[in-house]
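Let's take a walk through this model together, from the chain as a whole to a few residues that reward a closer look.

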Amino acid sequence: MNGKLRKSFVTLAVALAVSVVACVIAGTGLLYVPDGVVSDALYQRGGIVNTDIVVVGMDQRALDEIGPMPWSRHIMAEAIEYLNSDPDGRIPAAIGVDTLYVGESADPDADAHLVSAAASKGNVVVAAVATYDRELVVEGDDFYMSDNIVGWDEPFDELYAVTRIGHINAMEDQDAILRHALLYESVPGSGDVYSFARVIYEMYCENTGQATKENPATDGGFYYIPYTAAGGGYYDNISVADLLDGTIDPAFFAGKVVLIGPYAVGMQDSYPTSIDHAAPMYGVEFQANLIDAFERGFFPQSVSEELQLIILFAAVFASCLFYRNRKVRWSVIYTIALIGGWILICMLAYRAGHILHVLWIPLFVLCVFVGSVALNYVRAQREKKKVTNTFGHYIDPAIMKQLLDQGSSALKLGGQLKDVAALFVDVRGFTTMSEALDPETVIEIINRYLTLTTDCIMRNHGTLDKFVGDCTMALWNAPVEQEDPVYLACCAAMDMVEGSVALGKELQERFGRTVDFGIGVHWGPAVIGNVGAPKRMDYTAIGDTINTAARLEANAPGGQVLISRVVADILGDRAVCTSLGDSIRLKGKAEGFEILRLEKLIRD
């Protein structure tokens, strides 16, 4: 398997693994709570409340005027009688009493009064409630916890006979948020008992002549609640005390749904809901929301978990592939577009009646984005380190910056053909000097010489190719394109000549020996690139141009710079040159190859 194919395989394997992990995390329900928070914020936007639904609160004002709970059943009887007291017969379409009247009380007259009031117009719905017990159910190799009804509290017989009943069980989701409602209770011995809100809604439709909308589709009896209003949305500060005082005209309630229920702190009938996690909603307004939802007939359903996991897998997998080696700018654009697009899809899907997990894709795409940015940064730093290790000791810092921008492409084995300016410089008389001086002195002198040549090359933006003994080779226009590379190479050559004068004087004073440089410069095509093995490579240039520059240097007397005619032509009037004609024959060159001595260079 070649390197490119192996990298592709690793990329696909990593993308597959990350996508599978994301699906496992999402599929196990670990994100239920945070996803619920995000989904509720997007989906539960509320709406315009139905003004035909009126909440009458058993509120603090009523408690102050009537007294603490429990109240005598005469109180509720009088409230119902007042609601149905309009002399023109304009009465509520339905009256829902969201409180339990289980068993006969200690006051038979109050019980009879309540029965009479409820029976008079036949428009009263009262509450019932189931009590559950959790039980371990074992079916073969499978086992689960089951909620079983172990108790059923309904109105006492006389009241039951003259009213309709509905259950008021409210079951919070696993994050303690009331997000789903139970349409019916399967009560042993009684069959399916529909919810308080559903029974009231059906009575409302019957008494107003409206067609009843179908029941929502359920999952185990539960359906998603599209809330219309948060707490307080249906409550206009109408108190049970107002009904008893007669301060509100009963005609106001004509044809409406009137819900009477606890509406005071401490009555243990409030729940955090998906429309507002922070402020609990009283049970009577929860019922109002359900009735409003039945009236609107909008009940979105969750898209299957399997399909959502497939979508999540595809999004994460595609993101892993996209982010690899991608510039941060494009990764940010992709991330914003994907997350924004997903949120828009979720909103449109919800309006069409489909519920998607809002958090899944944004969360995992962001995780992949952050991980990819971090990985790409580490990879880029590693590549920069490789480039620095390969070129850092023999290349101009300005050129180094360009190479770092290229990244790993600068480190590939192989070469390319391009025009370069090649410079060779050598010490004249080095062999004789090394025989006459001790090794430590020889090394010191050669290091001073190499430091001088290196400084001249770097100062003129050249690439130090190599040291071969006492010979230095440098290139211009490689590894990156440069402006006026021939001129830069000749500037370096003249700097070396000038520098050798001062260095020669110093060495003469210290060691009684001096040095002179012979320099050759040529311009032409050469094959340049990294030569060697991936773990040990050298950047160099090969070809006739390089050989010619070396031979010019070999024939240059100490303190002189020999150049070719092509170099002189490029320098033009910026240089003073003396033609040597063909008095010097270079190995491998035919007659007529002109050599010139660079006398002076006009600096910019």
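Two residues are said to be in contact here when they have heavy atoms within 4.5 Å of each other. Keep in mind as you read that the model is predicted.

## The chain as a whole

The chain is built with 18 helices and 23 strands. Of its 604 residues, 48% are buried. Its accessible surface comes to about 29100 Å², and carbon and sulfur atoms account for 56% of that area.

How do the contacts spread along the sequence? Among those between residues at least 6 apart, 74% join residues at least 24 apart.

## Two nonpolar cores

The largest nonpolar core holds 45 residues, and I519, V521 and L571 have the most contacts inside it. Which helix gives the most to this core? That is helix α16, spanning residues 485–511, which supplies 13 residues. Apart from this core lies another one, of 40 residues, including V55, A127, V284 and A288.

V521 is a good place to zoom in. Setting aside its neighbours within four places in sequence, V521 is in contact with A422 and L423, with A489, C490 and A493, and with L552, V561, L562, I563, S564 and V567.

## One face of helix α17

L552, one of the contacts of V521, is also one of the buried residues of helix α17, which covers residues 544–554. The others listed as buried there are T545, I546, T548, A549 and E553. Where do these residues sit around the helix? Viewed down the axis of α17, the buried residues fall within an arc of 160°, so they line one face of the helix. The general geometry helps here: an α-helix has 3.6 residues a turn, so residues three or four places apart point the same way.

## A nonpolar patch at the surface

Now for the outside. F9, V10, V14 and V18 make a nonpolar surface patch of about 340 Å². V14 belongs to helix α1, residues 3–27. Is V14 buried, exposed or partly exposed? Its relative accessibility is 47%, which lies between the 20% and 50% cut-offs, so V14 counts as partly exposed.

## A buried serine

S331 is found in helix α11, which runs over residues 328–351. With a relative accessibility of 3%, S331 counts as buried because the cut-off is under 20%. Beyond its neighbours within four places in sequence, S331 is in contact with F322, Y323, R326 and F369.

Technical notes. Residues are numbered from 1 along each chain as its sequence is written. This is a predicted model: local features need pLDDT of at least 70, side-chain atom pairs count only at pLDDT 80 or more; totals for chains, interfaces and linings use all residues. Side-chain values use heavy atoms; hydrogens and water are left out. A nonpolar core is a set of buried Ala, Val, Leu, Ile, Met, Phe, Trp, Tyr and Cys residues joined through side-chain atoms within 4.5 Å. Buried means under 20% relative accessible area, exposed over 50%, partly exposed in between (1.4 Å probe, protein chains only). Helices (H or I, at least four residues) and strands (E, at least two) are DSSP runs, numbered from the N terminus. The arc is that of the directions from the helix axis to the C-beta atoms. Patches are made of residues with over 30% relative accessible area and no salt bridge: like charges are joined within 9 Å, nonpolar side chains (Val, Leu, Ile, Met, Phe, Trp, Tyr) within 5 Å. Accessible areas come from the Shrake-Rupley method with a 1.4 Å probe; for residues, only the protein chains shown count as cover. A salt bridge is a side-chain nitrogen of Lys or Arg within 4 Å of a carboxyl oxygen of Asp or Glu.
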